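Reader: Please give me a close look at the pockets. I would like to know what lines them and how they are placed with respect to the domains.

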Amino acid sequence: MKLLIKNGHILDPATNTDIHGDVLVIEGKIADIQQEILVRADEEIDAAGCWVVPGLIDVHVHLREPGFEHKENILTGSRSAAMGGFTTICCMPNTNPVIDSVKVVDYIQEKSREADLVRVLPIGSITLGQQGKELVPLKEIKRAGICGISEDGKTVMNIELMERAMELAAELNVTIFSHCEDHKIAGDGVMNQGKLNNILNLKGIPNEAEDLITERDILLAKKTGAKLHLCHVSTKDSVHLVREAKLRGVKVTAEVSPHHFTLTEEAVEDKNPNTKMNPPLRSSEDVAELIKGLKDGTIEIIATDHAPHHEDEKAVGFEKAPFGIVGLETAVALGLTELVDKGILTPTQLIEKMSTNPAKLLGIEGGSLKIGDRADITIINPNEEYEINKNSFVSKSKNTPFHGRPVKGKVIHTIVEGKIVVQNGKLKAVES
């Protein structure tokens with residue numbers, strides 16, 4: 001099977017490629033990249049005016065299956081990922097049952113094979129049942145295929161237990177994905193703590209709830225030698241802590257989600273439940289530091305924290321609604337509109353944070369268009385302007401604060417191992 005992509009703007013951070021030309025794919029592998037390739041192919045894509053980039057990788061997704069299939073499942077989440085240009089996604093363990101055993105890891109992998117769309121890599125929990133009491137059998141679930149461990153949605157509050165987890169993770173070369181939140185400090189807060197939460201009469205979550213655990217886990221990573229990845233960083237001091245830790249040689253990486261570099265706490269003023277997320281939308285000062293961290297490389301990764309919830313669950317008012325929004329189908333447009341168009345990141349830097357760096361973090365093939373590599377490719381029209389429409393999402397849930405927001409940049413084709421799964425902006429796979 002030969003696929004020829006013609007006339008594209010080829011951007012590959014891994015090889016410092018930035019040319020206009022063609023990409024030839026043969027039997028699911030990158031076979032050639034030239035300014036012009038003259039061969040007969042089984043299928044041809046005209047990518048004129050579009051970026052041709054390594055397939056995007058999202059290291060932070062909630063697929064909800066098993067246990068919460070009314071919100072999302074592996075099939076619908078994979079469809080949503082493909083529409084968003086993602087060829088590989090990592091699913092978080094706060095399912096029911098939790099991803100804490102070989103049995104659940106096997107189940108997710110089987111469901112991913114059945115979906116046959118994008119690559120789904122399970123992240124195991126740190127403790128059994130995410131109860132914060134006993135560590136998971138890490139050797140076993142690593143052998144089964146997890147790509148890291150996390151208590152995401154929760155924090156391992158017991159410092160001795162977290163240290164043991166990091167020691168074992170360092171020994172087995174497994175990355176810890178840390179959800180940094182001191183539950184006692186956060187309490188039953190529902191938005192950022194500041195002037196606005198008092199005006200709105202809503203309980204606040206102070207920055208310290210994140211900052212203290214960020215500092216704790218960085219210190220533990222330094223002590224144990226573990227690879228630490230900080231999920232959904234949202235505060236200015238957490239960015240400072242990461243920057244300083246890197247200078248000291250700590251093995252720490254960090255991610256930011258599009259909603260945290262796009263919105264501030266002011267978006268909560270009308271108490272729309274779709275502006276409720278954890279960590280909460282922060283102050284403009286926090287957002288400015290997140291953007292600075294993205295620009296100077298302190299924050300290497302953009303990840304969606306795709307957190308689908310059923311419409312009825314979000315319709316109970318701001319205070320009672322669950323935290324979280326969907327993000328797979330809006331990430332590219334928000335990155336382009338808010339970061340590239342504003343001159344904060346170059347196109348190559350955006351793709352590096354959404355593909356190349358995630359691949360490095362996971363230690364997997366991907367994030368590049370090197371000849372001989374697996375042909376995971378995303379084709380993006382950076383100039384297409386439109387309004388985000390939640391009703392067009394293929395995700396089972398539509399909980400987004402970005403409905404109606406004008407943006408620029410649309411995923412046109414998503415190609416996984418040489419197979420076109422999204423073509424001309426539409427899901428090519430057979431619906432079931």
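Author: A pocket is an open set of points, on a 1 Å grid over the protein atoms alone, where a 1.4 Å probe fits, with protein on both sides within 12 Å along at least five of seven lines; lining residues have an atom within 4 Å of a point. The model is predicted, so local features need pLDDT of at least 70 and side-chain atom pairs 80 or more, while totals for chains, interfaces and linings use all residues. Residues are numbered from 1 along each chain, and side-chain values use heavy atoms, without hydrogens or water.

The largest pocket has a volume (the space filled by probe spheres set on the points) of about 520 Å³. Its lining has 28 residues, with Asn94, Gly153, Asn278, His309 and Phe323 nearest the centre. By class, 14 of the lining residues are polar (Gly included), 8 nonpolar and 6 charged.

The second largest pocket has a volume of about 290 Å³. It is lined by 16 residues, and Met83, Glu329, Tyr386, Ser392 and Lys410 are the closest to its centre. Here the classes are 7 nonpolar, 6 polar and 3 charged. Helix α12 (331-340) and strands β16 (377-387) and β17 (406-416) (DSSP runs of at least four residues for helices, at least two for strands) each supply at least two lining residues; β17 gives the largest share, 3 residues.

Domain 1 (2-52 + 374-427) and domain 2 (55-368), with bounds from an automatic or database assignment, each give at least three residues to this second lining. The C-alpha centres of domain 1 and domain 2 are 25 Å apart. Their contact (heavy atoms within 4.5 Å) takes 42 residues from domain 1 and 54 from domain 2.
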